[in-house]
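Here are a few short exercises to work through with the model open beside you. Try each one yourself before reading the solution.

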Amino acid sequence: MAFIQSSRFLRNALALDAAACAGTGLLLSLGAGALSGLLGFPVEFLRGAGLVLLPCAAALAFFASRARLPRLAVYAVIGVNILWVADSVLILVAGWFAPTTLGIAFVLAQAAAVAVVTELEVIGLKKSVTEAAGAEAALH
């Protein structure tokens with residue numbers, strides 16, 4: 001399995017992702033009842049989305065704490081985030097729910113935040129690869 005030396009930038013991006021997942025997961029899972037009417041999504045859907053995010057937050061926090069990571073793990077994080085953004089848009093256009101204006105704004109805002117964090121993770125991955133190549137060249 002190919003490992004990379006995680007750049008500080010990548011670890012910070014993963015930590016930001018972990019914090020965002022934990023915060024959103026707690027908000028949605030614990031506040032689903034209160035948020036349902038405001039956002040126009042069923043309680044079960046909001047709670048389920050929140051509960052999905054909590055183990056993701058734990059995994060991301062673990063990755064953020066590692067100096068070395070499997071490259072595939074970073075690709076998986078980026079891929080899952082891209083799917084989250086795509087699913088967020090799909091939820092709005094598919095007509096499965098009748099979100100309120102605030103619900104639409106919430107979905108778009110969190111999708112935009114995930115897209116930004118994903119871009120930071122891509123930059124961090126590139127920095128990790130660049131730093132590793134530079135370190136290896138210095139050894140030769």
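**Exercise 1. Is C56 buried, partly exposed or exposed? Then work out whether the cysteines pair up.**

Keep in mind throughout that this is a predicted model.

Step 1. C56 comes out as partly exposed, with a relative accessible area of 30%; the partly exposed band runs between the 20% and 50% cut-offs.

Step 2. Now take C21. At 10% relative accessibility, C21 falls in the buried class.

Step 3. Look for a bond. A disulfide is a covalent bond between the sulfur atoms of two cysteines. A search of the whole structure turns up zero disulfides. For C21, the nearest cysteine sulfur is that of C56, and it sits 5.8 Å away. A pair has to be within 2.5 Å to count, so C21 and C56 don't make it at 5.8 Å.

**Exercise 2. Find out where the buried residues of α2 sit around the helix, and what covers them.**

Step 1. Get the dimensions. Helix α2 takes in residues 43-64, 22 residues in all, and reaches 31 Å from first C-alpha to last. That's close to the 32 Å expected at 1.5 Å a residue.

Step 2. List the buried positions: L46, A49, G50, L53, A57, L60 and A64. They cover an arc of only 100° around the axis, which means they lie on the same side of α2.

Step 3. Tie that to helix geometry. An α-helix has 3.6 residues a turn, so residues three or four places apart point the same way.

Step 4. Check the opposite face. Turned away from the buried side of α2 are the exposed residues E44 and P55.

Step 5. Ask what does the covering. Among the elements over the buried residues of α2 are α1 (8-39) and α3.

**Exercise 3. Describe the surroundings of G50.**

Step 1. G50 belongs to helix α2 and is buried, with a relative accessible area of 0%.

Step 2. Setting aside neighbours within four places in sequence, G50 touches G25, L28 and S29.

Step 3. For a longer reach, try V89. The C-alpha atoms of G50 and V89 are 17 Å apart, with their positions 39 residues apart along the chain.

**Exercise 4. Trace the largest nonpolar core.**

Step 1. This core has 23 residues, and L14, L46 and V74 have the most contacts inside it.

Step 2. Sort the contributions by helix. α1, α2, α3 and α4 (101-139) each supply at least two residues, and α1 gives the most, with eight.

Step 3. Zoom in on L14. Leaving out neighbours within four places in sequence, L14 contacts L60, F63, A64, L69, V77 and E121.

Step 4. Two of the residues already met come from helices with buried lists of their own: L46 is buried in α2, and V74 is buried in α3.

**Exercise 5. Work along α3 and past its end.**

Step 1. Helix α3 covers residues 71-93; its 23 residues reach 34 Å, close to the 33 Å expected.

Step 2. Its buried residues are A73, V74, V77, I78, N81, S88 and I91.

Step 3. Step just beyond α3 and you hit G95, which has a positive phi of about 80°.

**Exercise 6. Which backbone atoms lie by the side chain of S7?**

Step 1. Place S7: it's in the loop between β1 (3-5) and α1, and it is buried at 1% relative accessible area.

Step 2. Check for polar partners. A polar atom of the S7 side chain lies 3.0 Å from the backbone nitrogen of L10 and 3.2 Å from the backbone oxygen of G124.

How values were computed. Residues are numbered from 1 along each chain as its sequence is written. This is a predicted model: local features need pLDDT of at least 70, side-chain atom pairs count only at pLDDT 80 or more; totals for chains, interfaces and linings use all residues. Side-chain values use heavy atoms; hydrogens and water are left out. Helices (H or I, at least four residues) and strands (E, at least two) are DSSP runs, numbered from the N terminus. The expected span of a helix is 1.5 Å times one less than its number of residues. Buried means under 20% relative accessible area, exposed over 50%, partly exposed in between (1.4 Å probe, protein chains only). The arc is that of the directions from the helix axis to the C-beta atoms. Contact means heavy atoms within 4.5 Å. A polar contact is a pair of N or O atoms within 3.5 Å; within protein, one must be able to donate a hydrogen and the other to accept it, and residues adjacent in sequence count only if both atoms are side-chain atoms. A nonpolar core is a set of buried Ala, Val, Leu, Ile, Met, Phe, Trp, Tyr and Cys residues joined through side-chain atoms within 4.5 Å.
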